[in-house]
Protein chains: 2
Amino acid sequence: MGGDFGPQVVVPAAVEAAREGIAIALVGDEAVVNAELAGCDAEGLDIRVVHASQVVEMDDKPADALRRKKDSSIQVACRLVKDGEAHGVVSAGNSGATVACGMFVLGRIKGVQRPALAGILPTEKNPVVLIDVGANVDSKPQHLFQFGLMADVFARDVLGLDKPSVGILSIGEEEGKGNAAVREAFDLLKKSQLRFIGNVEGRDIFTGEVDIVVCDGFVGNVALKLSEGLATSLGRILKDELKSSWLSKLGTLLSMRAFKRFRKVTDYAEYGGAPLLGLKDIVLVAHGKSNQLAMVNCIRMAATSVRNRAHEHLVEKLADHQGLNGKSEKSAA
Amino acid sequence: MGGDFGPQVVVPAAVEAAREGIAIALVGDEAVVNAELAGCDAEGLDIRVVHASQVVEMDDKPADALRRKKDSSIQVACRLVKDGEAHGVVSAGNSGATVACGMFVLGRIKGVQRPALAGILPTEKNPVVLIDVGANVDSKPQHLFQFGLMADVFARDVLGLDKPSVGILSIGEEEGKGNAAVREAFDLLKKSQLRFIGNVEGRDIFTGEVDIVVCDGFVGNVALKLSEGLATSLGRILKDELKSSWLSKLGTLLSMRAFKRFRKVTDYAEYGGAPLLGLKDIVLVAHGKSNQLAMVNCIRMAATSVRNRAHEHLVEKLADHQGLNGKSEKSAA
């Protein structure tokens, strides 16, 4: 029911995913969903509709959504997973409420201190995983360290990377640069089995040279929204200027392919959603502005995560690093 | 002596500024500076050369630069100001060393807890002042509050804004969003005489709708470098694509004016340097990559700051907010 476009985009996206063999449960107002479904060619596909009488609005507070809207589509969807009737949840609705429902209904994997949102951003080369992009603020070194572990498993199992490189976001390349939490997390990451490459800076995020960038959710959220805003602003300036004379209009026509590629890099739709990592099950937070392509990609990503057993691998990864997990818990407390 | 291009760019820029009536002291290796000066038409201009036998290299640590290179160009320049022989310092050299020398040689204005670097970024409309962009990490609420006061004075006296709007960088628009320091600083800013507009998000920085954005130096430094990196990446993608066929090459020729404007917005040169606010005198940290235009703009900005008595006004602004300064110092301790 959520997102800027609601069932109009979500339902056709789900139908497209079902055609690829993914079993779908559409959770929301039965009448609305069925009406939308009637307009799609969904005959014979593995799609069922599960009714939910409430909807979390975009301005509802997460805590209120959790307590007062027990029959909201997001909460019903999470319970479906909890009860073993589905394997993962994808939502383009209120992201705070999605995170809260995921955490409280599904719960954390044992040993995970703070689940985190992983933003998957397009770059000049491969996408980069920025973790956390807003589930936590004032993260402790231990939390940052675990973000690295969680993103490593995700990058292997879902993005198909063999040995993803992990950097920690800081304000200088050399060890010892950064704030107190980053400096301590650096030490933990250095001792881990991850392919840790040390500090990376803001300018390194979009070069595509690093696969995973670890940061506190405050910093990651600012970075995510800043890059989105800047790309939009630059695109707008270019568009305005190119329209300003018939000469440049003609020029634009001739350069169309180039602009398409520019837009593709600045377009988040391609990578779909931000997985909330560290929960017992898959929750994917789709961008509110998600179009059909973005939603399909989200559903695919959730399915890949389930098929490739990312959750089991995270449990193993945590066990492999138990020494570091334990040791630093004290120093971070 | 500093910056990617050294005296080759700094000396001609200083000559250009001198032609506008700004008195210049060029501090550095006398022989090198004089040789460069001989190539410029500097006859009759108010320019003197002050010898400094040492140079801080880009990879020198600030503390080392301070202790071991007492006769470096940056330290000699700061002492010149301290001794009343100049009114401000501009440097494109090692920015950490410039900040350290500024702080230790010139000292803070009484009442200022943490001097901060103000980045001046181009946007779709007016430039935005982002403060702090890297002089401090782990800032207390009180520090963030004072960044707002310092940037307000700067925006009035140097950028010529009448009543600059001030936002605090957070991860949601509503009051109460953000990390602990931001939430407390919000309360202080709300009670101040500043034109405080509340939380702003990463996406709001480049719209040009807010004049001043307050943040911790870790976050600001990431934001600054991220936007620089992203603008460069997007420019490069566009350029590569536009070169990829003769059709789009022709298109580019026809759209030249549009690309110039695009570059202008993504080009930091126009605004020159980042002033280090809160010191007893003017210190301007120029971008290492500064070209001649950027350096001239830096020198102009330093001169405007001196002429418009920004320092005296900051002392008054601090006095006006003594209640808030005092009150919160306890709560932040």
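Reader: Why is A:Glu209 called exposed?
Author: Its relative accessible area is 54%. Exposed means over 50%, buried means under 20%, and partly exposed is in between (1.4 Å probe, protein chains only). At 54%, A:Glu209 is past the exposed cut-off, so the label fits. B:Glu209 also counts as exposed, at 54% relative accessibility.

Reader: What kind of model do these values come from?
Author: This is a predicted model, where local features need pLDDT of at least 70 and side-chain atom pairs count only at pLDDT 80 or more, while totals for chains, interfaces and linings use all residues. On bookkeeping, residues are numbered from 1 along each chain as its sequence is written, chains are lettered from A and ligands numbered from 1 in the order written, and side-chain values use heavy atoms, with hydrogens and water left out.

Reader: How do you know that A:Glu209 forms a salt bridge with A:Lys125?
Author: Side chains of opposite charge can pair when their charged atoms come close. The rule for a salt bridge is a side-chain nitrogen of Lys or Arg within 4 Å of a carboxyl oxygen of Asp or Glu. For A:Glu209 and A:Lys125 the closest N and O atoms are 2.4 Å apart, so the pair passes. A:Glu209 sits in the loop between β7 and β8 (212-214) of chain A, and A:Lys125 in the loop between β4 (116-121) and β5 (128-131), so the bridge ties together parts 84 residues apart in sequence. Those element names come from DSSP runs: helices (H or I, at least four residues) and strands (E, at least two), numbered from the N terminus.

Reader: What makes B:Lys125 and B:Glu209 a salt bridge?
Author: Their closest N and O atoms are 2.5 Å apart, within the cut-off, so they qualify. This pair links parts of chain B that are 84 residues apart.

Reader: And what makes B:Glu175 and B:Lys190 a salt bridge?
Author: There the N to O distance is 3.1 Å, so that one is in too. B:Glu175 lies in the loop between β6 (165-169) and α7, B:Lys190 in helix α7, so parts 15 residues apart in sequence are tied together. With a relative accessible area of 46%, B:Glu175 is partly exposed. Salt bridges with shared partners also join A:Asp64, A:Arg67 and A:Arg68 into one network. Over all chains, the search finds 25 salt bridges.

Reader: Why is the pair of A:Phe186 and A:Phe196 called edge-to-face?
Author: Rings of Phe, Tyr and Trp (its six-membered ring) pair if their centres lie within 6.5 Å; planes under 30 degrees apart count as stacked, over 60 as edge-to-face and the rest as tilted. By that rule there are two aromatic pairs over all chains. For A:Phe186 and A:Phe196 the centres are 5.1 Å apart and the planes at 80°, so edge-to-face it is. Helix α7 (residues 180-191) holds A:Phe186 and strand β7 (residues 195-200) holds A:Phe196, so the pair ties together parts 10 residues apart in sequence. A:Phe186, at 8%, is buried, and A:Phe196, at 17%, is buried as well. In chain B, B:Phe186 and B:Phe196 are edge-to-face, with 5.1 Å between centres and 80° between planes.

Reader: How do you know that A:Cys78 and A:Cys101 are not bonded?
Author: A disulfide is a covalent bond between the sulfur atoms of two cysteines. Here the test is a pair of cysteine sulfur atoms within 2.5 Å. The closest cysteine sulfur to that of A:Cys78 is in A:Cys101, 5.3 Å away, which is too far for a bond. A:Cys78 is buried, at 0% relative accessible area. A:Cys215 is in no disulfide either; its nearest cysteine sulfur, in B:Cys215, is 15 Å away. The total is zero disulfides over all chains.

Reader: What makes B:Asp138 stand out?
Author: B:Asp138 has a positive phi of about 50° although it is not a glycine. Its place is the loop between β5 and α6 of chain B, and at 41% it is partly exposed. B:Arg309 has a positive phi near 55° and is likewise a residue other than glycine. B:Arg309 lies in the loop between α11 (292-307) and α12 of chain B.
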